[in-house]
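This report introduces a two-chain model to a reader who has not met it before. The sequence and the structure are shown first, and the description follows.

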Amino acid sequence: MSDSLTADAKDENPAAATGRSAPSREASSIALQGLHKRFGRDTVALAGVDLAIEPGEFFTLLGPSGCGKTTLLRILAGLEEADRGRLQIGGRDVTEVPPHRRSVNTVFQSYALFPHLSVRDNLAFGLKMQGLAVAEREARVARIAEFIQLGDLIDRRVDQLSGGQRQRIALARALVCEPDVLLLDEPLSALDAGLRSQLQVELLRVQKRLGMTFVFVTHDQQEAMVMSDRIAVLNGGLIQQVGPPRDVYERPVNAFVARFMGHDNLYPVTARDGDTLTTPLGQLHVEQAGDGALLLIRPETLDLLPGDVGGPITCRLAWSSASTAAAMPNIAWRSVTSRCRPRSATADAIFPRSMSESPWRWRPTTSSPWQSEEGTWLIPTGSPPLAVRPWCASLATC
Amino acid sequence: MSRRSLRRTLTGIWWLTLLFLYLPLAVVALFSFNAANSAASFTGFSLRWYERLMGNEEILSAFANSMILAIVSSVVALGIGCFIGYGMYRHRHRKLGWLIVLIYLPIVLPDIVFGISEMAFFVQIHRLTGFLQPGLGTMIIAHVTFQIPFVALIVYSRFVGLDPALFEAAKDLYASPAKRALHFMLPTIKPALISAFFLSFTLSVDDFVISFFTAGPESATLPIYIWGAIKKGVSPEINAVATLMLAAVAIVAIASLLFSRRRPV
């Protein structure tokens with residue numbers, strides 16, 4: 001049982017990680033039913049949450065601050081008690097089990113490493129509290145230190161560590177207990193961008209190798225897209241949508257999810273005739289239109305077509321973040337602004353054709369004949385208005 | 001006034017302050033080594049007053065009383081104050097206004113008022129029940145009472161300075177309430193407990209007023225002994241006692257300072 005970590009660490013084949021021998025270390029499922037939580041009289045943190053998390057899933061709770069995601073995580077950890085509702089972990093009802101009797105460990109946002117202990121003693125703390133013998137503790141700490149590649153950090157004092165190092169120690173301290181479920185409360189939010197993407201990859205590696213159920217809390221949609229098997233988007237104490245990243249991104253169920261996933265191109269549909277919608281952008285022909293009253297145009301479905309441009313324009317180029325896109329199937333967006341030459345500018349002149357055929361797309365913004373409140377879209381003169389390729393179904397207003 | 005002369009004036013005040021603070025102490029220390037029997041002139045170096053001190057039963061018993069009182073009261077105050085400090089931290093989000101004022105009141109209350117009321121209280125209890133005869137016992141109770149707020153305050157501020165997530169991390173890492181206290185809270189506040197002990201100890205050794213009102217005939221401490229002896233005039237022997245007390249308090253204060261500097265985070 002305790003060897004599972006080493007076996008997985010040495011085996012490069014992720015499939016081996018799922019085929020674990022010890023049944024007690026099988027990844028656990030999580031089931032939430034009708035969870036309510038209120039702070040004081042007026043603050044509703046959770047307003048009835050039902051959720052099922054599969055064993056071995058990298059599951060992300062995504063939402064703006066105050067949406068209830070952290071409260072939900074704390075209820076899973078047992079640090080907060082729900083007012084109503086049930087919670088099952090691995091098929092066992094743990095609604096009233098105190099945190100120190102749950103096989104759940106947390107990586108805290110502030111890392112919460114004990115200042116009075118060395119790194120080694122921090123790692124061993126959970127094992128010591130469980131009453132493991134010294135030899136067993138030392139062996140497991142050594143194994144996790146190797147697995148997370150802590151190197152000589154293990155003999156440092158906590159106040160000698162940098163933010164990234166603390167983060168990894170906090171992760172190791174939670175993992176060494178081999179919990180059924182690992183909870184991560186915005187563990188990367190305090191780190192700079194470079195370290196952050198490095199640790200994102202590291203976290204995914206750990207999760208895939210151990211096959212452990214991870215519940216990850218973040219307010220960063222890009223992070224959620226890159227990391228998760230499935231995402232639950234929360235707002236106002238309610239789950240708005242649950243699904244794989246691509247689904248949530250491409251088919252948001254309402255305007256909140258659409259905006260939160262980075263789409264600001266929402267337009268009211270004023271009239272419709274079959275597949276033809278009247279919007280502030282003009283009349284658009286679309287496929288697979290839904291029933292809603294909002295039109296969402298995802299930026300990557302737009303192409304700028306060749307033609308004459310009537311004035312100075314500013315282009316915003318959006319592309320898949322290359323490093324993460326190569327490693328992950330999910331999409332991450334970044335943008336830069338570049339100035340285009342006035343008058344003669346055409347799509348062909350600005351960008352070589354090959355670029356427009358690559359997975360890169362670009363979307364222009366400037367003052368243009370068609371301006372809406374939400375955003376502006378440059379439509380080169382003398383070309384068809386907008387080439388909207390397979391696009392997201394129109395949305396219900398919310 | 002020009003900038004320069006202002007600076008000079010301030011420097012002058014600084015040295016003057018130091019002078020008033022430490023010169024009297026230095027004089028007492030110096031005259032404790034005086035060979036002569038008078039406080040008027042220093043005639044030569046001698047340890048005779050210290051030797052005499054060692055032979056004085058009264059002083060030795062006063063010294064023993066002071067130590068017993070200081071150590072026992074500090075330990076008891078540490079125990080109680082530590083719980084109060086934790087309680088204040090634990091319930092800091094509730095409105096504890098009056099309770100906090102009640103706990104802190106002894107810090108600002110004039111010693112003499114406190115001493116007199118303690119005395120009256122102990123006398124009444126003694127008359128009614130026969131318990132609490134004035135003596136070391138009553139002094140310990142009185143000292144504990146005024147030490148508690150200091151201990152509670154130090155422990156509380158240590159807890160407040162901690163990341164609240166640490167308490168949750170301990171729970172999360174399988175520590176039961178008893179194990180949390182033993183393996184997390186106690187080690188974490190240990191530096192605070194040590195400084196609180198030193199502070200209580202010095203407060204107790206220092207105290208005259210409250211001790212004076214609550215003492216019994218057999219339980220004179222050093223300050224009370226000095227007070228009694230001084231009525232017959234300041235003898236060099238008193239200087240020697242004062243110098244020893246000074247040295248003891250200075251050592252404890254420096255130890256406490258060094259310790260608090262070394263504490264991590």
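Helices, which are numbered from the N terminus, are DSSP runs of H or I with at least four residues, and strands are DSSP runs of E with at least two. The model described here is predicted.

**Chain A**

In chain A, the secondary structure amounts to 13 helices and 20 strands. The chain has 398 residues, of which 41% count as buried. Among its contacts with a separation of 6 or more, 68% join residues that are 24 or more positions apart.

The unreviewed UniProt entry places the feature "domain: ABC transporter" at residues 30-261 of chain A. Over this span, helix accounts for 36% and strand for 26%, and the end C-alpha atoms are separated by 25 Å.

Helix H3 of chain A, residues 69-77, is mostly covered, with nine of its nine residues buried. The buried residues of H3(A) include A:Lys69 and A:Arg74 as well as A:Leu72, A:Leu73, A:Ile75 and A:Leu76. Just after H3(A) comes A:Gly78, with a positive phi of about 90°.

A:Asp159 belongs to the loop that links helix H5 (134-147) and helix H6 (163-175) of chain A. Is A:Asp159 buried or exposed? A residue counts as exposed if 12 or fewer other C-beta atoms lie within 10 Å of its own. A:Asp159 has 10 C-beta neighbours inside 10 Å and is therefore classed as exposed. Between A:Asp159 and A:Ser118 the C-alpha to C-alpha distance is 9.1 Å, although 41 residues separate them in sequence.

**Chain B**

Chain B contains eleven helices and zero strands. Of its 265 residues, 31% count as buried. For contacts in chain B with a separation of 6 or more, residues 24 or more positions apart make up 79%. The C-alpha trace of chain B spans about 70 × 70 × 35 Å along its principal axes.

According to the unreviewed UniProt entry, the annotation "transmembrane region" covers residues 12-33, 59-84, 96-116, 136-160, 181-202 and 240-259 of chain B. Two of these spans are set out below.

| Span of chain B | Helix | Strand | Distance between end C-alpha atoms |
|---|---|---|---|
| Residues 59-84 | 100% | 0% | 36 Å |
| Residues 181-202 | 100% | 0% | 28 Å |

**Where the chains meet**

Contact between the chains involves 19 residues of chain A and 18 residues of chain B. On the side of chain A that touches chain B, the elements giving two or more residues are strand E6 (104-107) and helix H4 (119-129) of chain A. H4(A) gives the most, with three residues. By class, this side of chain A has ten nonpolar, seven polar and two charged residues.

**The largest nonpolar core**

The largest nonpolar core holds 132 residues, and those touching the most other members are A:Leu76, A:Ile144, A:Ala172, A:Leu183, A:Val215, B:Val151 and B:Val155. Which helix supplies the largest share of this core? Helix H6 of chain B, residues 136-160, does so with 13 residues. From chain A, the core draws at least three residues from each of domain 1 (4-255) and domain 2 (263-388).

A:Leu76, named above as a member of this core, is also one of the buried residues of H3(A). Leaving aside residues up to four places away in sequence, A:Ala172 touches A:Leu123, A:Ile144, A:Ala145, A:Ile148 and A:Leu150.

Key:
Residues numbered from 1 in each chain as written. Chains lettered and ligands numbered in written order. Predicted model: local features only at pLDDT ≥ 70, side-chain atom pairs only at ≥ 80, totals over all residues. Contact = placed C-beta atoms within 7 Å. Nonpolar A, V, L, I, M, F, W, Y, C, P; charged D, E, K, R; others polar. UniProt positions renumbered as here; feature names shortened; annotations may be inferred. Core = buried A, V, L, I, M, F, W, Y, C linked by C-beta atoms within 7 Å. Buried ≥ 20, exposed ≤ 12 C-beta atoms within 10 Å, placed from the backbone. Domains from an automatic or database assignment.
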